[in-house]
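Colleague: Please take me through one part of this model closely, beginning with the surroundings of the ligand and moving outwards.

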Amino acid sequence: MFERIYPSKIILPMKMHSGVPAVPSVKAGDYVRIGQCVGIPEKGTFSVPVHSGISGRVSEIKDIRLPNGILTPAVTIINDMKRTRLDSLRPRSGLKLSASEAIGIIRDAGICGMGGEGIPTAAKLKRARTEVVSDFLVNCLQSEPYSTSDLVAITEYPDYVVSGSSACARAVGASRCIFLISENRKQQRQALENSIKRIKDDFKDLEFEIKLFRERFPQGYYRLVARALYGKNLALGETLEKSCKAVLFNCSTMLACWEALSDNIPMMSRIVSVSGDASGGHNMLVPIGTPVSELLTNAQDIKNGSDRIVWGNCLTGIEITDPENTPVVKTTSVISVVRRAEVPRTPCIHCGLCSECCPMNLSPNTIFEMLNQGLKQKAAEEGARDCIACGSCSYVCPAGINLTTSIASFAGEGRIIEINSLLDNRGAGDKSIESYGAASVGEASLLEDYPDGDEKVSKRAADSITLPFEKDKEV
Ligand code: SF4
Ligand code: SF4
């Protein structure tokens, strides 16, 4: 179950994804409708468009700084509460799409990974297709404390999650569609199984499987999945696609893909958990850009002003002090509200807890010391770049040492390599990411705007996708 939130305004950053910011395509005073594109990528850039999830008038466009330090232009829209939407937001019917058309729709719908760093989904699909993956993995694990937004997406819209996954699996040419879920999530597992039964006749070329994982944090990060499913320890810069012939997507991202493919709905809203040890569990369906303060207002049980409000999960998220001007972005799965507990800070007592809990088998205290002394090369040799920024070491440390921040920022270059591999892939002949332009996004983004221009994709076998469309979801 989730609550629907209709905020008084939204603040839409032009950069909520990996890549360069989109450019505002509206100006102060303009009227916008639900689903309208308000930010378009500059031609030739690695980016995604931005759409409005409310109707109303643009009040201002200015640079804002997000809690993660990113400086980005942002479009603020005041909600007229009329919920006027674009005529183009309506179910498609009986369409047969080529793989490149389906990926083009996902690209123009502004979809990026909703579970983490916001990698543009179309780019990742194209890389998977180029690498000829056979396994399409759907991450339904959501192991972060207090986060249940993905699980709610599966419970409420299982057919959207499974259909989106199946359509994308077919678009990349995979033969198996595998859902990864915790063994304790019986309700969601049942929902997925029932949905697979309903739709599998429409995807006869795909094998479906559900893989059960142990309930623990962290789970679902691609390097952990590579180890768990394929027994491979991926080195820095190695991709799941190349090394395991598999690609991994978040289940909420798959829901968004089916909304785009089935109903022509761009990425303009998402489910966000608002919970923590100072708040009962809430899940809210909100337009992207909703100020965090409006979520907190709707979570009636949050009363204590001394609680910490964290943008993201309580282990790796960032504490915010200005919830009124901090928006929910495409990658925000949870706002954590946790009690302020002052941990006594002491030097390391060498208890070894940080090493015991590290999912990448690192010695965080050793690496932390090396980095403190400027011994970067030694830290790298100790495996520091393998850190996945899960936050576990800082969480368990009885000495209150914030190990994660310095280790994870040192390891951050690894994630830049991951993004760069997508850019390299684009350079190897994938022109479609460069084909953004004012004419190909937003309201003008009709199916016929996507001819099969992608040579590499269209020459593949199984290029044609006939998508079944069900109409059971309110826009
Ligand atoms: S944050 Fe700490 S526990 Fe997590 S992977 Fe990095 S070093 Fe290991
Ligand atoms: S958990 Fe903290 S105190 Fe224990 S070894 Fe690691 S850094 Fe030292």
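Modeller: Around ligand 1, the shell consists of 14 nonpolar residues and 3 polar ones, with no charged residue. (Nonpolar means Ala, Val, Leu, Ile, Met, Phe, Trp, Tyr, Cys or Pro; charged means Asp, Glu, Lys or Arg; the others, including Gly, are polar.) This is a predicted model, in which local features need pLDDT of at least 70 and side-chain atom pairs pLDDT 80 or more, while totals for chains, interfaces and linings use all residues. Residues are numbered from 1 along each chain as its sequence is written, chains are lettered from A and ligands numbered from 1, in the order in which they are written.

The shell around ligand 1 has 17 residues (C-beta, placed from the backbone, within 6 Å), and the closest are Cys358, Cys387, Cys390, Ser392 and Cys393. Two helices (DSSP runs of H or I, at least four residues, numbered from the N terminus), α13 (392–396) and α14 (403–427), each supply at least two residues of this shell. Its largest share, 4 residues, comes from α14.

Earlier in the sequence is helix α11, residues 364–372. Its buried residues (20 or more other C-beta atoms, placed from the backbone, within 10 Å of their own) are Pro364, Asn365, Ile367, Phe368, Met370 and Leu371. Gly374 follows α11 and has a positive phi, near 80 degrees.

In summary, the surroundings of ligand 1 include residues from α13 and α14, and Cys358, Cys387, Cys390 and Cys393 are among the closest residues to ligand 1.

Technical notes:
A residue is buried if 20 or more other C-beta atoms lie within 10 Å of its own, exposed if 12 or fewer, and partly exposed in between; C-beta atoms are placed from the backbone.
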